[in-house]
Amino acid sequence: MSSSATLHTSSHWHPFQDMSAARDQLVLTDADGVWMTSSDGRRFLDATAGLWFCHAGYGRREIADAAHAQLLRLHAYSTFGDYANEPADELADRLSDLAPGGPWKVLFTSGGSDGVETAVKYARRYWQALGRPERTMVLSRRDSYHGMHTAATQISGIPANRSGYGPLLPDSRLIARDDAQALQAAIDELGAERIAAFVCEPIVGAGGVHFPPSGYLETVADICRRNDILFVVDEVTTGMGRAGAWFASENYGLEPDLLLAAKGLTSGYLPLGAVLVHQRVAAPFWEGGEVFRHGYTYSGHAAAAAAALANLDYLNEHGLLRDADRIAARLPELFDGLGGDGVVQSVRTGPAAMACVQLNAWLLRKDPLLLQRAVRAVRDAGVLTRPFACGGLQISPALCATDTELEQMAEGVRKGLASLL
Ligand code: PLP
């Protein structure tokens with residue numbers, strides 16, 4: 001057992017964990033800013049903001065107090081039919097103002113996968129409402145990650161996550177990640193009249209942090225527009241400031257038809273996701289008498305919406321979107337020289353506070369446990385990160401990380417990886 005772990009004795013089944021091999025676990029008990037404390041009293045720097053969500057940092061009283069006050073007043077009620085609550089209404093309007101283009105109509109979910117599932121269903125339902133029921137196909141990109149629900153698992157481009165279930169959403173097609181002509185070729189082959197939507201992350205996150213080549217997003221947006229295909233931009237990781245704007249779409253001048261947010265929307269203080277539907281695409285339902293028979297028990301959860309409003313205030317008041325740019329600018333220099341040290345093949349960075357430390361492909365093939373060992377070694381050097389299926393380590397700090405904390409994170413990664421040699 002590593003020095004930073006305690007014995008696994010509970011019935012808790014961990015996501016993405018080989019439970020037959022799970023002997024120990026790291027129990028986290030407290031957190032503040034970017035610092036975590038474990039049950040055995042050790043402190044760690046969190047290099048990933050949890051699962052990309054903790055933009056504001058841990059222990060923010062302003063967010064906890066807002067959620068607490070709402071929990072006591074009215075923690076939740078249905079928003080089906082004509083039921084409403086004040087925080088959810090206010091948050092929908094706030095998001096419509098923050099998102100580029102617009103105006104937007106906002107469907108709330110409990111997280112990102114719910115949002116992707118909602119968007120896929122919405123795209124099909126939209127075309128049916130317009131008398132085009134044959135538009136059912138959903139296109140997406142290899143290496144993308146869109147969550148774990150049935151449609152999301154299928155349209156995500158990470159083979160390890162899709163295998164073992166059989167076809168989950170037969171009317172779908174994966175295309176090459178960064179090749180706009182591959183999208184056009186798929187449309188030509190399948191026929192635009194059969195395609196409901198193209199779903200993409202502006203910057204691929206869990207698929208290994210891949211920034212789009214210059215002009216790629218603008219070109220695929222144009223191809224979608226010319227072919228009447230709904231352009232669904234999944235900003236579950238990139239939204240709410242990670243790319244220096246409320247939505248990365250803004251940086252690329254995109255005008256999506258549907259825009260997804262979650263994670264940083266509440267900084268993870270309570271679970272919440274949102275599907276923004278552009279007014280032009282919402283029209284059949286807002287003006288034409290169609291009903292979207294879809295929603296979740298916790299859609300528009302009042303306390304989660306209150307946490308989101310306080311979180312957006314916090315990000316704004318502390319200038320954390322500017323900090324995302326600062327972090328993005330520092331990451332290449334912090335990890336400079338790591339590529340080519342033997343264990344690391346390359347470090348992918350770009351204009352967002354996220355990076356992937358890609359391990360050497362040959363070493364990964366030779367030692368299937370290398371990636372897990374790397375995560376452990378970095379942890380033993382005081383930094384929490386996590387493995388990507390592509391063989392890389394995730395770096396996506398909370399936007400409040402100071403320059404000194406970033407340097408400490410990079411030093412921990414460097415030290416941990418060096419110990420593997
Ligand atoms: N979409 C993207 C781009 C994501 O990165 C994720 C999660 O990492 C999801 C969707 C799924 O979100 P959730 O895990 O909240 O269901």
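## Terms and model

Helices here are DSSP runs of H or I with at least four residues, strands are E runs of at least two, and both are numbered from the N terminus. With that in hand, labels such as α3 and β6 should be easy to follow. Please keep in mind that this is a predicted model.

## Around the ligand

Let's start with the ligand. Its surroundings include a run of three residues, Gly111, Gly112 and Ser113, and another run made of Tyr145, His146 and Gly147. Glu201, Asp234, Val236, Thr237 and Lys263 complete the set. Sorted by class, this shell holds 6 polar, 3 charged and 2 nonpolar residues.

Three side chains are worth picking out for their polar atoms. Ser113 places one 2.6 Å from a ligand oxygen, and Asp234 has one 2.7 Å from a ligand nitrogen. For Lys263, the distance from an N or O atom of the side chain to an oxygen atom of the ligand is 2.9 Å. How much of the ligand does the protein bury? The ligand taken alone exposes 390 Å², and the protein buries 82% of that.

## The second largest pocket

If you like pockets, the second largest one has a volume of about 930 Å³. Its lining counts 33 residues, and those closest to the centre are Thr79, Val106, Leu107, Phe108 and Trp286. The lining is made up of 17 nonpolar, 10 polar and 6 charged residues.

Which element gives the most to this lining? That is β6, with 6 residues. Strand β6 spans 104-109, and the elements that each supply at least two lining residues also include α3 (86-98), α4 (112-129) and α10 (279-286).

## Salt bridges

Searching the whole structure turns up 21 salt bridges. One of the pairs to look at is Asp24 with Arg376, whose side chains meet with an N to O distance of 2.8 Å. Asp24 belongs to strand β2 (residues 24-25) and Arg376 to helix α14 (residues 370-380), so this pair ties together parts that are 352 residues apart in sequence.

## Backbone details

Two backbone features deserve a look before you set up any calculation. Where does the cis peptide bond between Gly102 and Pro103 appear? Pro103 sits in the loop between α3 and β6, and omega of the bond that joins Gly102 to Pro103 is about 0°.

The other feature is at Trp52, a residue of helix α1 (residues 49-52). Phi of Trp52 is near 70°, which is a positive value in a residue other than glycine.

Definitions and conventions. Residues are numbered from 1 along each chain as its sequence is written. This is a predicted model: local features need pLDDT of at least 70, side-chain atom pairs count only at pLDDT 80 or more; totals for chains, interfaces and linings use all residues. Side-chain values use heavy atoms; hydrogens and water are left out. A residue is near a molecule or strand if one of its heavy atoms lies within 4 Å of it. A polar contact is a pair of N or O atoms within 3.5 Å; within protein, one must be able to donate a hydrogen and the other to accept it, and residues adjacent in sequence count only if both atoms are side-chain atoms. Accessible areas come from the Shrake-Rupley method with a 1.4 Å probe; for residues, only the protein chains shown count as cover. Ala, Val, Leu, Ile, Met, Phe, Trp, Tyr, Cys and Pro count as nonpolar, Asp, Glu, Lys and Arg as charged, and the others, Gly among them, as polar. On a 1 Å grid over the protein atoms alone, a cavity is a set of points where a 1.4 Å probe fits but cannot get out, and a pocket is an open set with protein on both sides within 12 Å along at least five of seven lines; lining residues have an atom within 4 Å of a point. Grid points are joined across faces, edges and corners, and a volume is the space filled by probe spheres set on the points. A salt bridge is a side-chain nitrogen of Lys or Arg within 4 Å of a carboxyl oxygen of Asp or Glu.
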